[in-house]
Structure formats: C-alpha cells, structure tokens
Amino acid sequence: MDRTQRFGIEEEYFITDLRSRRMLAEPPADVFAACREVIGDGFSYEMFQGQVEVASPVFDDAAKAATYLGRVRRELSQALAGYGLGFICSGVHPLADWRAQRATPQVHFQRLFEEFQIVAQRSVLSGLHVHAEIPTGVDRIAVLNEVLPWLPMLLALSVSSPLWQGQPSGYCSYRQVVCDEWPRMGIPEFLSDEQSFEQYLGLLKRSGALAKDANVWWGCRPSLSYPTLELRMTDACPRLSDALVLAGLFRIMIKHACQMPTPGSQYSLERLWLLKENRIRARRCGHHGRFTLAPDTAAISLEQWLILAEQQFGETARVLGEDGVFDHARQMLRDGSSAERQLRVFSAQSSPGLQGGQAVVDLLLEESRENP
C-alpha cells in the first residue's frame, strides 16, 4: 500500500473583543493586516468581517499540520492581543448577534447575501474543512459513497455549537441546523459516479439554479479546484488536537476507500436514509447519540462506532503513521465534547444568560489558543 495521503485543513476563526467577549462586527483595517501577516498565503476573508480563515498548505503527515496550525493559532493570538482582541474557533460564536454582523465587501460574498438574504445573514458559522487528495483514475463519487456513512461519527466528535444568540439551542451542533436553511448543503444527492455528478451540476447550471462557476456546499463534496474530496460537515474545533484527530480519521477513511477495488458498491438508498437520520442524531445529541449503521441492525453508541472504525481502518492508520488516532478519539469521548464543556460552564454560572455566555467565550478563547 502507498504510504502517503496528502491533505489540507481549513479553519475559521471569530475575532472577539476581550472586554465584551462579543464577536467584532467591523474590525479595523490594521487588524486584518496583522492577521494577514501572521497567516501569510493561507489568509482568506470570510462571509462576515468578524471572521478570518486559514487555508493550510498541502501536508503529507499529521506532524506538519500540527506544527503549522499550532504556529498560526499561537501567533494570531499574540497579534490580536495587542488590539484587545482574541479569536475563538468553534461552530458558532456563543454571543454573536447575527443581526449586528457586517458582510465582507467582496463580490463573491455580496452575491451570496443578495441571493440568499436572511439565510446568509444568519449564517454566522465556522466549520472545520479537510481536503483529502484522490489519486488520478479513482472516481471521487465512488470514494465519497464509501465514506459518507461514517461522517456523522465525525460530526458527533466535533460538535461545538450548542449556544445560539447567548442561549442553549437544544442541539450540540446548532451550526448544522442553520446549514440546512441553505440549498444543496447537508447530505449529497444519491449519485453513482463522477459522470453523474457532472450531469447533476450541468442540469442545475442550465436551469439557472447554479452559476457557471459555482459548486455545491454538501457536508462532503468533490472540489472543483483541487483533485480532492472536502469534508465540510464538522464543526470548527476549539482544541487543535481535536481538529487533528478529525482530519486524521478523514484522511484514513479516504485512503482506505481509494485502495478498494470497488469503493461505494455497498452504498444504497437505505444507507442514505440512515445517513440522514444519523446526522440528525449527531447534531442533536453529539457523543450521547445512538446510531444505526445498516438496515435491520440495532443502534449503537459513538464509542461502539469508534471500535468498528478501528477494526475497519486500523491497518490503513498504521500505514499512514496515524496509529494513535483512535486512542485520541476515545480520549475526546472521555473529555466530553466541546458542546458538553460549554454547557457545563454556562449552567455553572449564578446568572446564566449574558454571564454564562461570557464564561463560555472565556473557555473557548483559552482552548483555541492552546497547542497539542
């Protein structure tokens, strides 16, 4: 087996006022200049002015990803502190009022706000995106179909958006609830191969539903710019160590699927239906969800699902040098999800509401600047 699997990671950060703990609606130009200087070529604007994105270089091992993102987080925290600011990396900002946020004045984002109106205005969200390279000659949709049923497991491990507008939402990933307000986001259509994907895009573009250069926003999708599949379902992770575990699990799954003679051959409409339900359970319950993996089988816990994942992908993990990723994932279960940690801190305050939200922001500021 080839021992390489190239990948890249995108993280999104909310710029936060350290005094009010609120997301900054309109950062000054010199704040963006400081962010750009730290992040370098990987710097990108996001939909809202109070967000920035880091798009990593291409990595061939997890250690390089840890070094790069650890440096970015550390230096960005130091740079922002000079302005009385910090950043948090989570699925939503607990105290962000979406009505107060300002769109980034770039043509691409302006088009989104014009077309989708309040749906775009409410999407004050941050995700963890992971690109995994697919070799030439391997059908990306076949690989996608092979890994899709496992993605709610990754979502359940990542959940970090339990609060919305300063109050508990009742969901561990309210970000994924907001995502469903958008068209062509969430679970991919049932497609057989890359040719059918091109037919799908072509039909939507001819009908006027998609611009000629547009893509879909599924929780996992073929990139139009790179020879990759891009994981988009997972919440942004406050702890970098957690983000690296999720990226490791995804690249292992992709590598395993690419080595199979007929990836995706077991994917069916029934499994698609179960995938949709498992995503609903993951976003609602996170670590405490119960998941059904195949027709006529009993629901299992997230811990049991991880055991099955290790049985399925353990050898591939060893080949890629990711031997410890399953132990680290189990540690995430023992620690509790970010959503659980946030809710504990929120409810422990004598006066939940604003005081609880501020305490949660303090927790996220601390975890976001930690290094593994």
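Hi everyone, let's start with a tryptophan: Trp 218 sits in strand E9, which covers residues 217–218. Before I go on, please keep in mind that this is a predicted model. With a relative accessible area of 1%, Trp 218 is buried, since buried here means under 20%. If you pick out Phe 14 as well, the C-alpha atoms of Trp 218 and Phe 14 are 22 Å apart in space, and the two residues are 204 apart in sequence.

Now a tryptophan with another setting. Trp 273 is in helix H10, and at 52% relative accessibility it counts as exposed, because the cut-off for exposed is over 50%. Which residues join Trp 273 in a nonpolar patch on the surface? They are Phe 190 and Leu 269, and the three together have about 330 Å² of accessible area.

Helix H10 also takes us to the second largest pocket. Helix H10, residues 269–285, gives two or more residues to the lining of that pocket, as do helix H5 (140–147) and helix H11 (302–319). The volume of the second largest pocket is about 380 Å³. Its lining is made of 19 residues, and nearest the centre you will find Glu 146, Pro 149, Trp 150, Arg 271 and Leu 293. How does the lining of this pocket divide into nonpolar, polar and charged residues? There are 10 nonpolar, seven polar and two charged ones.

From a pocket, let's move to a cavity. Rolling a probe the size of a water molecule over the atoms shows where empty space is left. How many cavities of 30 Å³ or more does the structure hold? Just one, and the volume of this largest cavity is about 80 Å³. It is lined by 14 residues, with Leu 157, Asp 242, Met 332, Ser 338 and Arg 341 closest to its centre. At least two lining residues each come from helix H6 (151–158), helix H12 (325–335) and helix H13 (338–348). By class, this lining has five nonpolar, five polar and four charged residues.

On to the charges, then. Searching the whole structure turns up 20 salt bridges, and I'd like to walk you through a few of them.

Arg 6 pairs with Glu 133, and their closest N and O atoms are 3.0 Å apart. Where do the two partners sit in the chain? Arg 6 belongs to the segment before strand E1 (7–17), while Glu 133 is in strand E5, residues 129–133, so this pair links distant parts of the chain, 127 residues apart. Both partners are partly exposed: Arg 6 has a relative accessibility of 41%, and Glu 133 has a relative accessible area of 26%.

The next pair is Arg 175 with Asp 235, where the closest N and O atoms are 2.9 Å apart. Arg 175 lies in helix H7, and Asp 235 in the loop between strand E11 (228–231) and helix H9 (240–258), so this salt bridge ties together parts that are 60 residues apart in sequence. Are these two residues buried or exposed? Arg 175 counts as buried at 4% relative accessibility, and Asp 235 counts as buried at 0%.

Then there is Glu 230, whose side chain meets that of Arg 221 in a salt bridge of 2.8 Å, N to O. Glu 230 is buried at 2% relative accessibility, and Arg 221 is buried too, with a relative accessible area of 13%. Salt bridges that share partners also make one network out of Arg 239, Asp 335, Arg 341 and Glu 367. You've met Arg 341 already, among the residues closest to the centre of the largest cavity.

Last, a quick look at the backbone. Most residues other than glycine have a negative phi. Gln 165 has a positive one, near 55°. Gln 165 is in the loop between strand E6 (163–164) and strand E7 (167–168), and at 28% relative accessibility it counts as partly exposed. Arg 184 also has a positive phi, near 55°. Where is Arg 184 found? Look in the loop between helix H7 (174–179) and strand E8 (185–186).

That's my tour, thanks for listening!

Terms used. Residues are numbered from 1 along each chain as its sequence is written. This is a predicted model: local features need pLDDT of at least 70, side-chain atom pairs count only at pLDDT 80 or more; totals for chains, interfaces and linings use all residues. Side-chain values use heavy atoms; hydrogens and water are left out. On a 1 Å grid over the protein atoms alone, a cavity is a set of points where a 1.4 Å probe fits but cannot get out, and a pocket is an open set with protein on both sides within 12 Å along at least five of seven lines; lining residues have an atom within 4 Å of a point. Grid points are joined across faces, edges and corners, and a volume is the space filled by probe spheres set on the points. Helices (H or I, at least four residues) and strands (E, at least two) are DSSP runs, numbered from the N terminus. Ala, Val, Leu, Ile, Met, Phe, Trp, Tyr, Cys and Pro count as nonpolar, Asp, Glu, Lys and Arg as charged, and the others, Gly among them, as polar. Patches are made of residues with over 30% relative accessible area and no salt bridge: like charges are joined within 9 Å, nonpolar side chains (Val, Leu, Ile, Met, Phe, Trp, Tyr) within 5 Å. Accessible areas come from the Shrake-Rupley method with a 1.4 Å probe; for residues, only the protein chains shown count as cover. A salt bridge is a side-chain nitrogen of Lys or Arg within 4 Å of a carboxyl oxygen of Asp or Glu. Buried means under 20% relative accessible area, exposed over 50%, partly exposed in between (1.4 Å probe, protein chains only).
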